[in-house]
Amino acid sequence: MKTNGSQARLRVGLLLSTLLTTGALTACSPKVYVFQASPTRLCAGQSTTLTWKIRGAGLLTSVPSLPGTGPVGDSGARSFLPTDTTHFSITATKGGKVAQGDVVVIPFQVGVEKSLRFRADSLEDTMLVALGDLASEDWDSAVRIRSVADTLDRPLRVTHAGKDVELQAGGAVSESLKGTPVSGHWELRAPRLSREIAGATSPPPRDRLGVLLTLDCGK
């Protein structure tokens with residue numbers, strides 16, 4: 001008959017065996033630890049840098065295809081010059097299994113229009129408020145604003161880059177933000193409708209406020 005001590009040692013042994021087996025299986029599996037592009041929004045003619053860290057045999061691809069893709073090591077960085085919206089993928093293969101990471105890079109032409117929309121975080125007594133941040137790591141500082149327009153059926157107050165802009169309803173256009181980077185903190189405020197209750201987020205489809213930007217490029 002086994003003693004309590006021997007039973008305890010047996011349980012510990014089984015646990016260690018399970019942990020070692022699990023660890024071995026995990027080590028044999030492919031993994032994408034990091035796969036990112038900086039920036040992901042840039043002016044046409046500028047480059048983006050991909051960085052990655054993976055476990056397994058690496059393969060970097062892009063659609064459309066770009067020079068510089070192909071087999072890669074466990075970690076590294078590589079710059080590309082996309083001319084159109086480009087979908088980059090990295091795959092790590094090990095032990096017959098595959099892990100994948102993806103990122104999309106968008107180069108903008110001068111004069112192109114870009115819609116920005118932000119979720120309404122709160123309702124003040126008389127205003128619907130939407131806040132948003134566009135990271136400088138994603139949006140290159142060369143992507144600038146030429147003009148901003150209201151896309152709503154009600155007036156809109158825009159706060160960005162230390163400036164306040166009042167836009168009239170129905171597509172009113174302003175150049176008050178001309179030359180400022182798209183990246184940074186945005187605040188949009190619009191008069192709330194009677195069915196929008198103060199202290200609660202607005203129900204769809206009014207749960208987002210937005211502007212239409214015409215983009216420029218410069219430093």
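Modeller: Contact, as I use the word here, means heavy atoms within 4.5 Å. The model is predicted, so I report local features only at pLDDT of at least 70 and side-chain atom pairs only at pLDDT 80 or more, while totals for chains, interfaces and linings use all residues. Residues are numbered from 1 along each chain as its sequence is written, and side-chain values use heavy atoms, without hydrogens and water.

Biologist: Happy to start small! Is leucine 42 buried or exposed, and what is its relative accessible area?

Modeller: Leucine 42 sits in strand β2, residues 41–43 (a strand is a DSSP run of E, at least two residues, numbered from the N terminus). Leaving aside neighbours within four places in sequence, its contacts include Val105, Ile106, Phe108 and Val143. Buried means under 20% relative accessible area, exposed over 50% and partly exposed in between, with a 1.4 Å probe and protein chains only. Leucine 42 is therefore buried, with a relative accessible area of 0%.

Biologist: Which cysteine does the disulfide join to cysteine 43?

Modeller: The structure holds one disulfide, meaning a pair of cysteine sulfur atoms within 2.5 Å. It links distant parts of the chain, strand β2 and strand β16 (residues 208–217), across 174 residues. Cysteine 43 is buried at 3%, whereas its partner counts as partly exposed at 30%. With an S to S distance of 2.0 Å, that partner is cysteine 217.

Biologist: Which strand gives the largest share of the largest nonpolar core?

Modeller: A nonpolar core is a set of buried Ala, Val, Leu, Ile, Met, Phe, Trp, Tyr and Cys residues joined through side-chain atoms within 4.5 Å. The largest one has 28 residues, and Trp186, Val211 and Leu213 are among those with the most contacts inside it. Several strands each supply at least two residues, including β8, β9 and β15. The largest share, four residues, comes from β16.

Biologist: Where does Leu42 fit, and how many residues does its core have?

Modeller: Leu42 belongs to a second, separate core. Val72, Phe80 and Phe88 are also included in this core, which has 15 residues.

Biologist: Are the rings of phenylalanine 80 and phenylalanine 88 stacked, edge-to-face or tilted?

Modeller: Rings of Phe, Tyr and Trp (its six-membered ring) pair if their centres lie within 6.5 Å, with planes under 30 degrees apart counted as stacked, over 60 as edge-to-face and the rest as tilted. A search of the whole structure finds three such pairs. Here the centres are 5.2 Å apart and the planes stand at 50 degrees, so the pair is tilted.
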